[in-house]
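Welcome to a short tour of this protein chain. Please keep the sequence and the 3D view open side by side as you read.

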Amino acid sequence: QSPKPIQQPQKMKKLWIKVVLVAVVLIMYGNSVNYEFTIDDNLFYLKHSSVQKGIPGIPETFAYGSLEKYNGMQGLQPYRPVTLSSFAIQKQLFDKDPAKAHLVNVLLYVLLVLVLFNLLLKLLPAAHPVMSGIIVILFAVHPVHTEVVASVKSQDELLSVLFAFLALSYSVILFKPYKYSM
């Protein structure tokens, strides 16, 4: 059985929409790779003793609160081992290069935007892919996301939303066979 001829143009259209989405994100946030580290980046990237050890410091990021290896704070504090582990890997690979740290954030945002587009395609199968693309462009260029993409410390927020969109995307696949009627 050969694929329907209408599927090829749809696939090409979706591919072009993805290319446009990547281009929009790079145009909007690509300049942030020229930025230096900011105040919050000291806490979790530059002066965090576990992160500064690189990959060997990763076990410590899971054993302590996020601030304990920065300033010795104990008790109630944030716990972000995945983000700190990501910073430790970046430290190992790029040392303390702010351009590469900002580039990682931009690339994570590109991935997040592409995952959101695929999620909308699954959630709105009857909608035209261009409509989903427009929705994602509006999301991508919204000014509220500027600080998150431009601040290295905010990688925790990028990872959180990326993982949430991925979880939702996979849950849509799980529940697709079930038709709900209201």
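## Helix α6 and its cover

The buried residues of α6 are covered by a set of elements that includes α2 (39–46), α3 (49–52), α4 (58–63), α7 and α10. The model you are looking at is a predicted one. On α6 itself, the residues that count as buried are P81, T83, L84, S85, S86, F87, A88, Q90 and K91.

Does the length of this helix fit or miss what its residue count suggests? Helix α6 covers residues 81–94, which makes 14 residues, and at 1.5 Å a residue these should span 20 Å. The end C-alpha atoms lie 19 Å apart, so the expected and modelled values agree.

## The turn-off after α6

Just after α6 comes D95, whose phi is positive at about 60°. That is a positive value in a residue other than glycine. D95 sits in the loop between α6 and α7. Its relative accessibility is 43%, so D95 counts as partly exposed.

## The chain as a whole

Stepping back, the protein chain holds ten helices and zero strands. Read from the N terminus, the order of elements is therefore easy to remember: α-α-α-α-α-α-α-α-α-α. Along the principal axes, the C-alpha atoms fill a box of roughly 60 × 35 × 30 Å.

Of the 182 residues in the protein chain, 38% count as buried. Among contacts with a separation of 6 or more, 69% join residues 24 or more positions apart. The protein chain exposes about 10,900 Å², and carbon and sulfur atoms supply 68% of that area. As for charge, there are 16 positive and 10 negative side chains, and the centres of the two sets are 18 Å apart.

## Two nonpolar cores

Which residues touch the most other members of the largest nonpolar core? They are V25, Y109, V113, V136 and L158, in a core of 26 residues. At least two residues of this core come from each of α1 (7–29), α7 (98–123), α8 (129–141), α9 (146–150) and α10 (155–175). The most is given by α7, with 13 residues.

V113 is a good residue to click on here. Leaving out residues up to four places away in sequence, V113 touches L21, V25, V136 and A140. Apart from this core lies another one, of ten residues, with F37, L84, A101 and V152 among them.

## H48, a loop residue

Now have a look at H48, in the loop between α2 and α3. Is H48 buried or exposed? Its relative accessible area is 1%, so H48 is buried. Setting aside neighbours within four places in sequence, H48 is in contact with N42, L43, S66, K69, Y70 and L84. One of these partners, L84, is also listed among the buried residues of α6 and belongs to the ten-residue core.

## V130 and its distant partners

A last stop is V130, which lies in helix α8. With a relative accessible area of 37%, V130 is partly exposed. Not counting residues up to four places away in sequence, V130 touches K13 and I17. Along the chain, V130 and K13 are 117 residues apart, while their C-alpha atoms are separated by 8.1 Å.

Notes:
Residues are numbered from 1 along each chain as its sequence is written. This is a predicted model: local features need pLDDT of at least 70, side-chain atom pairs count only at pLDDT 80 or more; totals for chains, interfaces and linings use all residues. Side-chain values use heavy atoms; hydrogens and water are left out. Helices (H or I, at least four residues) and strands (E, at least two) are DSSP runs, numbered from the N terminus. Buried means under 20% relative accessible area, exposed over 50%, partly exposed in between (1.4 Å probe, protein chains only). Contact means heavy atoms within 4.5 Å. Accessible areas come from the Shrake-Rupley method with a 1.4 Å probe; for residues, only the protein chains shown count as cover. Lys and Arg count as positive and Asp and Glu as negative; His and the chain ends are not counted. The place of a charge is taken as NZ of Lys, CZ of Arg, CG of Asp or CD of Glu. A nonpolar core is a set of buried Ala, Val, Leu, Ile, Met, Phe, Trp, Tyr and Cys residues joined through side-chain atoms within 4.5 Å. The expected span of a helix is 1.5 Å times one less than its number of residues.
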